[in-house]
Amino acid sequence: MLRLAVLPGAVCGGCDVALASLGERLLELLKHYEVVYWPTVVDRKLSDLLKLDSVDVLIHMGGISVEEEAELAREISSRARVKVSFGTCSVYGDIPGLNSLYTPEEVYEAIASQVDARIRSERLGLPRPIEYSAYTDIVEPEVLAPGCPPDELVLDQLFELLVKYAETGRLEARLVLLGDSESLCNKCPRNPKTSKVVVPGIKRLYEVRLDENKCFLEQGVLCMGPATRAICDHSCVRVNYPCTGCGGPVEWGSDAGLSAMSAVASALMADMEKAVLEPGLVGELDEVRDVVGSFYRYTLRKSLIYKLKKARSSGE
Amino acid sequence: MRIGVFVCHCGVNIAGVVNVKRVVEEARKLPGVVHAEDYTYMCSEPGQELIVRAIREHGLDGVVVAACTPSLHYETFARAVERAGLSRYRLEMASIRELDSWVHLDKELATEKAVRIIAGAVAKLAGSRVYEPIRLEVTRRAMVIGGGIAGITAALTLAKMGIPVVLVEKAPTIGGKMAMLHETFPTLDCAQCILTPLMAEVARHPLVKIYTLAEVEGVEGYVGNFKVKIRVKPRGVRVEDCRLCGFCERVCPVEVPSEFNRGLSKRKAIYIPFAQAVPAAYVVDFEHCTRCGRCLKVCPTKAINLDQREELVEEVVGAVIVATGYELYPPEKLPEYQYGAEDDVVDSLQFERILDVQGPTRGEIRRPSDKKPVKRVVFIQCAGSRDVSHLPYCSKICCMYTAKHAMLFLERVPGGEAYVFYIDVRAGGKGFEEFIKRAQEHGVVYIKGRVARVYKDRATGDVVVEGYDLLDNREIVIRADLVVLALGMVSALDKKLTEALKIPTDPYMFVSEVHPKLRPVETPAAGVLVAGTTQGPKDIPESIAQAASAAAKAAELLIRGYIERDPLVAEVDRDKCNGCRVCVTVCPYGAVEIVEGKARVNEVVCEGCGACAASCPVGAIQLRNYTESQALEVVKAVLRVK
Amino acid sequence: MGEYGLLSALDPITLVEGVARVVIVTSSDGGDVRALYQIMEFRGFEKLAQGRHVEDMPRIVSTICGFCSWSHHLVSGKAVDAVFGRKPPARAELTRILVNHIQILDSHLLHFAFIGLPDLALWGEKQRDITKLLAKSPEVASAALKTRTVLKRLEKRLVGKIQQGPVVVPGGVARGLTREDLGELEKALRDVSGAFNTLYKFFEERVVESELFKRLLESEEFTVRCYSMGLVRGSALEHYDGALRVVDSKGRVVHELASPAEYTSVIGEALVEWNHAALPYYKLAGFKFPDEESTIMVGPLARLNVAEKVPGERASWEYKRLLEAAGGKPVSNVALYHWARLVETIHSLEALEEMTRDSRLLEGEVASFTGTPSSRGVGAVEAPRGVLIHDYSVAEDFTVARARIITPTTINNTSINTNLSRVSARLVREVKSSGRPSPETVSLLESIVRSYDPCNSCATHCVRIGGEVITTSFTIVVLNERGDVLWRG
Amino acid sequence: MSWSPRVVAFLCKWCSGAAAETAGVMRLRYDPSVTPVIVPCTGRVTPAMILTALLNGADGVLVGGCHTPNDCHYVAGNFKAFKRVYMVKKLLQQAGIEPERVRIEWISATEAPKLARVVSEFVEEIRRLGPLGGRRA
């Protein structure tokens, strides 16, 4: 029996649900693994986990946002043979990573400024917020399972991988990035694979009646598909919603936001640049009021712009 | 990497400001650099020898020459490294003269900058690979689309260079608009007299193959090997058997307006457009022919075949010249001038026919409505042109031909009156201004102003023109016999053809050239050239000049039988590509297409700008020797240096 | 409270185990005991919402909680509709209601099977979770697991993803459902109902009939007499839309807000220093803690308190049974939470069952594009755990200027603490006498928290710090006034 | 030691790059803190190149291309560059970094004096803005 531990960091629970949705296959896993820790599902105390000097597989969910969380993640990871970074928070920082541009104080103030009353009361020890980071920023995992939350495709691959590891005790590569190594565009049912993909102008979601078959970019709707790793079966596109990029970049370490930004900007009105000229183009580009939220919703924490901002504020 | 850096003093040009010795020291520290030295004049024989020797002695596999600019000496040093057995793609130049020593005084800073520039060059070189030049066999044959004066000129020019030509004309005869003209400005020589010999010559030329009644249906392939599908409509008359006896025409019961005389006269359903038509043969207008068969009976050579079908032929050519010419702006769009409503309002080409001795009135100037001799004519310039609600551009030739019309009219009709409404008179051209002057001396009255409306006075049959004279600042009313509209020029090009050839146009369907100054006859689609008014309003000499130059450009591609190109173009990693089509979209040359779901670059068509590479969301398409990783390394390298 | 002054200087907790922590503080004489259900998170959605395209919010906020992601998605959608002043067409509205029912179904079944049943059925044992239940009563556990698989497959089909999937767009939904979709729904419902009946039977026999349950129903410690808040349509149970009603501890209707935007007249938020999450309270009473007078309860129980009837034959029958067991309204015993979830589960099953035959889901526009925009939009829905409110203010370019999010678990925090404090008194006594509390007492304490089903990721939407979400396990720490740890569970 | 700005200038080889050559030939003077990087076309410049420059110590980035609409040697590379640079500036702005640190200019081969002027003005602007702090020690 191998030991499997599931350690949540800063999570929403989506990853728990996703992992739990293996359903009957969980039982299959239980043939190979003893779940020594999974607070959401198994009533075992952390103290029990800390008694173990080693676990075979650690599945880490969520990002890192307090000192204690970081310590814990490092501690347990140091005892784990295989570390799986599970879910986009853990791998890329995900939506909470959008706060990477602010200090914890600024974040707290946003809440504090809205309440009706601030009460002087007993002050119990609260964990020390640190700058939010992805699990992969503090630990080097062997397996990356992106997705918000990870979709069937990734879950299947992870399941296979875990069973295989239980049988062989080996992994295919030093770093395994789950999902198919191509962008969502490649198999997108809306990509005719002919003609051009001219972005006629940029429309925000409240401005456009979404065509259920046409490429979103050709409808002027931002879609991260071209730059996003294929970690799902076009879950969102299939229900007529553009890809927002939760799968992260096609290749580990590249900046999906910048690539998508460059691609979209380049294809924007490519057929009429000389007619509308700079002002016409600016008019469309300015439709994107929220560049960060549009191109970096899930990967800001890993972006060049974040690093730049960081370097800057540390420089000051 | 074994890179050598060679720093040129260029006498004092560089060394006077840049501390060359220090640059050499610093260069030695750069990653991959195994050798660095300086010399007074690297471009000199001994300088080049020094590079060659160093390559051999130190087994260099890359060379950076820090000197002037590639535009000046890249070839020089490329040959040098090739002499030493190194590929030219393993050479980089660092322009520390123009970009540094010549623009800075501060020795310290200039020296640092030199090192940064060199560091960039070294970093780029580190990622460069060696490529063979691209060579493509081409079909030594050209196609000219459009048999007007531009097309004829292009075809003849090529044929005379020994390059076979296929000339495609959609009308039953070549000759185009020029054939309709009476005389040409500013010399007033007869158009037919100069055009028809050319028509005959091109028809005779053994290397020229002419399709009339033909239109391009589709185009496959690319520069060097275009497969062009041509739809050829039936002529109904075997050209070689037609003796031009005209019996058929006489017995033909069907009458329709003559295109050649622009409706001012009638022709039969079997007809010859005009006497000197080429090919010299009758043609059946199958649209109107009733198939009564009378012509069949009278034809002495049995040349007529009313059951002839249209056919689809394919021609393979290496280059295409588009010379589809122009049409007049549809006068119906200018209702204020009453064209169509009133027979005595005619367009400029109709007036050419009226003037012409072969024209509907045998050259006598009578009003179309009641054949009454014309005494007073009003010419309206800029009919459609220079008008934002119609054609914002100037059609360029109208001022001149209007002057010509007016002058010819006054010559023909003693005591006649000619009035010209104009916005500006544009006579920029050899002998043009003088010509306008002559017209005015002849008594042509020029009125600066616009015409408000034109209407027929039923009582007198006059055409009344109400306008405004801006100079005298007064309303002006002229009772004329005839009104001539100087209609603007619009492109005769249609979307079907532009899409087949992948050539862009401006909003008025005039072909956009690759570069308006440097490459005025080349379209962004490699191997597709443009001549005449297809590219924009022009007069005859300009069209001819451009046609000749288009022919020359075509010859440049075809004459050697193959094209050789710089291999530094885009290439696709098909494993990475996801077929998102962004590259296809941004490529200005149609050089990228999606094949089996993934992008493929046509090396011959690609010009190597790298727009696709910079747009690719997954870095699958890269510009050779300017890959993204190279670019990023260069950036880091220049900033790494203190 | 003087002694807390002392305490405030200290930070006795070195180990954080998840977000949920019950800290019991006692004065030296043991007279003043209070339990603090402490949420320490700091995820900051209020901040990261700023500058976003408001129409993107429904997708963004769905990651506040992976358990009720659709509730957040839908309520955000309603707030966005309000911003653009758009009224979704019937087809879109129905689609959202359908999705909301599935959300309730999913969450209730998950809690009921994975937490409620183990907690009550394995009473007294140290480990009370699904794996243990699996050993004890496999048929029940596998029925529970079955509902997961079926529902997840259904959700994937309808919304693309098992959670955080896209449904709403401003003024409607991204796509209309198809006949095939409804076919799938019908199939899924059949399977779920099957599995549910197994669970239901088990609950009947092993829980409702049990001595334990009877005892809990009498337990004062399980009782809380406070305001209940929930949505009602007419006066019937409602989960998606309708008026926001508040009844007092006597069951009298004290407020009925037609528009959710008026919530600010009833609910206030206070920030205390022992908790990162703000504590909502009954505004008219002012903030007193812990005090039932300023406490509002939301969720299944509260909903049954504000509503006068439950639509659906079987659901209303079950509702009546519950009220009998409770001895009439208002229901104030939190042990009945589990039962209340059953009632709602049945209701949603029945409602969905009906919708499979509703042709309006298949015809007409999916979104409206007309309306008068405004600078503020508020939405409210009944999430599984209770009233959920999103309140956005936007700039002229429709980017978010300010976002306020009030979640059921934060609202319930004070009422949780009220119950906990009651048990804690006993627990402290035991600790002082024998150095450790009895397992029974600990179970009670855990059981209280579990019946509320606090969703900490929701509660902690304002905080990034992670931890388990459905609290099957959490630390209990007993401190004296000097902050020394007397006992830690 | 006193801070001196670092500017990377991506110049296309046909227009702005050629202008830089001419500037040399004309012996015009401009600020040496600029390091020119010649690119085939501004259409080849990626947002990544710009951010990498800023992240590795550049305090400003200048992109110099051919005049729109018709001067681009490659038809419309300059428009591609314009759109990308505009987005980069928006991104910087949102991250609280002065968008003025990135500038795109159209400078034809004949406009050597403009090149010299633009470069010096830009460096002045960067001096005013101060160090970006992106420098990696």
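# Exercises on a predicted four-chain model

In chain A, 21 residues of domain 1 meet 19 residues of domain 2. Keep in mind that everything here comes from a predicted model. Each exercise below is followed by a worked solution.

## Exercise 1: The two domains of chain A

Describe the side of domain 1 of chain A that touches domain 2 of chain A: which elements supply two or more of its residues, and how do its residues divide by class?

Solution.

- Step 1. Place the domains along the chain: domain 1 covers 2-177 and domain 2 covers 181-315 of chain A.
- Step 2. Look at the spacing. The centres of domain 1 and domain 2 of chain A, taken over C-alpha atoms, are 28 Å apart.
- Step 3. Go back to the contact, with its 21 residues from domain 1 of chain A and 19 from domain 2 of chain A. On the domain 1 side, helix H5 (88-92) and helix H7 (152-168) of chain A are the elements that give two or more residues.
- Step 4. Find the largest share: H5(A) provides it, with three residues.
- Step 5. Sort by class. This side of domain 1 of chain A holds 13 nonpolar, six polar and two charged residues.

## Exercise 2: Which chains touch?

Work out which two chains share the most contacts, and how far apart the nearest C-alpha atoms of chains B and C are.

Solution.

- Step 1. Four pairs of chains are in contact, and among these chains A and C share the most contacts.
- Step 2. Now take a pair without contact. Chains B and C do not touch, and 22 Å lies between their nearest C-alpha atoms.
- Step 3. Chains C and D are also joined by no contact; their closest C-alpha atoms are 9 Å apart.

## Exercise 3: Chain B against chain D

Say how many residues each of chains B and D brings to their contact, and which helix gives the most on the side of chain B.

Solution.

- Step 1. Count both sides: 40 residues come from chain B and 35 residues from chain D.
- Step 2. Find the helices on the chain B side. Helix H5 (97-101), helix H6 (107-126), helix H17 (611-615) and helix H18 (628-640) of chain B each supply at least two residues.
- Step 3. Pick out the main contributor: H18(B) gives the most, eight residues.
- Step 4. Sort by class. The side of chain B that touches chain D has 24 nonpolar, eight polar and eight charged residues.

## Exercise 4: Two helices crossing in chain B

Find the angle at which helix H3 and helix H4 of chain B cross, and decide whether the crossing is left-handed or right-handed.

Solution.

- Step 1. Take helix H3 (residues 45-58) and helix H4 (residues 70-83) of chain B; their axes cross at roughly 35° and come within 9 Å.
- Step 2. For the hand, H3(B) passes H4(B) in a right-handed crossing.
- Step 3. Name the residues that make the contact: Gln48(B), Ile51(B), Val52(B) and Ile55(B) belong to H3(B), while Ala80(B), Val81(B) and Arg83(B) belong to H4(B).
- Step 4. By class, this contact has five nonpolar, one polar and one charged residues.

## Exercise 5: The build of chain D

Give the order of helices and strands in chain D, and explain why chain D counts as being as compact as a globular protein of its length.

Solution.

- Step 1. Chain D has four helices and four strands, which follow the pattern β-α-β-α-β-α-β-α along the sequence.
- Step 2. The radius of gyration of chain D is 14 Å, close to the 14 Å that the globule rule gives for 137 residues, so chain D is as compact as a globular protein of that length.
- Step 3. Along its principal axes, the C-alpha trace of chain D spans about 40 × 30 × 20 Å.
- Step 4. Of the 137 residues in chain D, 69% are buried.

## Exercise 6: Two residues of chain C

Decide whether Asn333(C) is buried or exposed, then find the class of Ala236(C).

Solution.

- Step 1. Locate Asn333(C): the loop between helix H11 (313-326) and helix H12 (337-355) of chain C holds this residue.
- Step 2. Asn333(C) has 22 C-beta neighbours inside 10 Å and therefore counts as buried.
- Step 3. Beyond neighbours within four places in sequence, Asn333(C) is in contact with Leu217(C), Phe222(C), Thr223(C) and Ala326(C).
- Step 4. Turn to Ala236(C), in strand E6 (residues 236-237) of chain C. With 15 C-beta neighbours inside 10 Å, Ala236(C) counts as partly exposed.
- Step 5. Ala236(C) and Pro311(C) are 75 residues apart along the chain, yet 6.9 Å separates their C-alpha atoms.

Notes: Residues are numbered from 1 along each chain as its sequence is written. Chains are lettered from A and ligands numbered from 1 in the order in which they are written. This is a predicted model: local features need pLDDT of at least 70, side-chain atom pairs count only at pLDDT 80 or more; totals for chains, interfaces and linings use all residues. Domain bounds come from an automatic or database domain assignment. Two residues are in contact if their C-beta atoms, placed from the backbone, lie within 7 Å. Ala, Val, Leu, Ile, Met, Phe, Trp, Tyr, Cys and Pro count as nonpolar, Asp, Glu, Lys and Arg as charged, and the others, Gly among them, as polar. Axes are lines fitted to C-alpha atoms, for helices over the stretch in contact, and angles run from 0 to 180 degrees between N-to-C directions. A crossing is left-handed if the near helix is turned anticlockwise from the far one by less than a right angle, and right-handed if clockwise. The radius of gyration is taken over C-alpha atoms; the globule rule is 2.2 Å times the number of residues to the power 0.38. A residue is buried if 20 or more other C-beta atoms lie within 10 Å of its own, exposed if 12 or fewer, and partly exposed in between; C-beta atoms are placed from the backbone.
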